[in-house]
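User: I should like to go through the terms used for this structure and the grounds on which each is applied. Please set each value against its definition.

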Amino acid sequence: MSYVDAGYSIALGVLFLYAVALVLRRRRWERALRVAEQTEPMHTQTVPTNVEHTYAEHDTHAEPTHAEPTHAAHAEHAEEQTAPGARS
Amino acid sequence: MSSISRMNSSGTASAPLASRPRWLSVVGILGVVCMGFTVWLGLWITPPDAVQGNLARLLYIHPPIATVALYWAGGVALACSLLYLWPRTRSFFWDRLAAASVEVGAVFSALTCITGSIWGRPAWGVWWAWDARLTSTALLFLLELGYLALRRVPADPAIRARRCAVAALLIALDVPIVHFSVDWWQTLHQTGTVLDPGFHLHVHGSMAWTFLLGFIAFSLVFVWLLGVRYRIEVLQDQVGDQDMEVSLAERWNEGSDGTELVGVGSSGPHVPEGGAP
């Protein structure tokens, strides 16, 4: 292989590999964002919108009133109520 | 947590996943087509050089790669960093674009050194010489690696962006040194390859067209790589924001179970930065 062939092969090969790596990274992060967006509503629906006040002010037995709980949260709560070891 | 880090750092976290811009795909396709023509013209169509013979064919890719590494990547990083540091134009958009430009620039800087070295071995008889142009280009590559390492240091997004902007200014300082090194010092590297100081062309005919096409091809490829890399930066920040909201919610739910939690309102959870999901 001549120096010219080696130079072209390395330059184009490195650029090609870097481009493929970037596309794969982009796909992985897009997938991660989709997963995060799917899990995020379940968690955040039960969180009061104002998180600035301290946890001492929060009544641990009361239902959050700032946001509507999701169906999933309702189901989870119902399970807790009926489970044998559930807290009263 | 500072006010700037409390805000949505991506600016689009609550928005649905944005579609990929079509113009970027067009640029990528054009870049590949131009690159194909450059290789075809450079390897098979243009005549051998009167002095260097076939070795001159390497010069259809080496100066364009160096141009992208030095002027396009360095220029974008400098401009974006200045725009970030300037309070009136401060935005994470500029920070992300600068980071993308430095990473792509590092790849082109490495290729500049490699292709130059491959040309230098038969032309000069050595793979490497501690010549001013070669050394300053290698320094540029190391500075870019340093920037990328600095970016991975965990910190508040605003602090990280400011640090990186200052680091990009240091990279930019090296660019004129690389450019003028062949004029300021006696170097093994030749002076202007395509244009002389009076802006007169050194090459003509099909060689000149191949040169021009090479510059266009590598510039288009740079823009495409920059666009894709920028999108990754946006996605990383969006996932970081989502993770922060989930962590906050989890901690809140733990608190509702009777666990004592202190200081969520004052410090907040750690925002992941750039790590793999």
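User: Are B:Arg231 and A:Glu30 buried or exposed?

Analyst: Both B:Arg231 and A:Glu30 are buried; the term requires under 20% relative accessible area, whereas exposed means over 50% and partly exposed lies in between (1.4 Å probe, protein chains only). This is a predicted model, in which local features need pLDDT of at least 70, side-chain atom pairs count only at pLDDT 80 or more, and totals for chains, interfaces and linings use all residues. Residues are numbered from 1 along each chain as its sequence is written, chains are lettered from A and ligands numbered from 1 in the order in which they are written, and side-chain values use heavy atoms, with hydrogens and water left out.

User: What makes the pair B:Arg231 and A:Glu30 a salt bridge?

Analyst: The definition asks for a side-chain nitrogen of Lys or Arg within 4 Å of a carboxyl oxygen of Asp or Glu. For B:Arg231 and A:Glu30 the N to O value is 3.4 Å, and the criterion is met. B:Arg231 belongs to helix α7 of chain B and A:Glu30 to helix α1 of chain A, so this pair joins two chains. Helices are DSSP runs (H or I, at least four residues; strands are E, at least two), numbered from the N terminus.

User: Why is B:Asp95 called buried?

Analyst: Its relative accessible area is 4%, so B:Asp95 falls below the limit for the term. B:Asp95 also forms a salt bridge with B:Arg151, the closest N and O atoms being 2.9 Å apart. Because B:Asp95 lies in helix α4 of chain B and B:Arg151 in helix α5 of chain B, the pair ties together parts 56 residues apart in sequence.

User: Which residue of helix α7 of chain B forms a salt bridge with B:Arg151?

Analyst: B:Glu233 lies in that helix, and its side chain meets that of B:Arg151 at 3.3 Å, N to O. B:Arg151 counts as buried at 7% relative accessibility. A network of salt bridges links A:Arg25, B:Asp95, B:Glu103, B:Arg151, B:Arg229 and B:Glu233.

User: What makes a set of residues a nonpolar core?

Analyst: The members must be buried Ala, Val, Leu, Ile, Met, Phe, Trp, Tyr or Cys residues joined through side-chain atoms within 4.5 Å. The largest such core has 68 residues, of which A:Leu15, B:Phe108, B:Tyr147 and B:Leu225 touch the most other members. Its largest share, 17 residues, comes from α7 of chain B.
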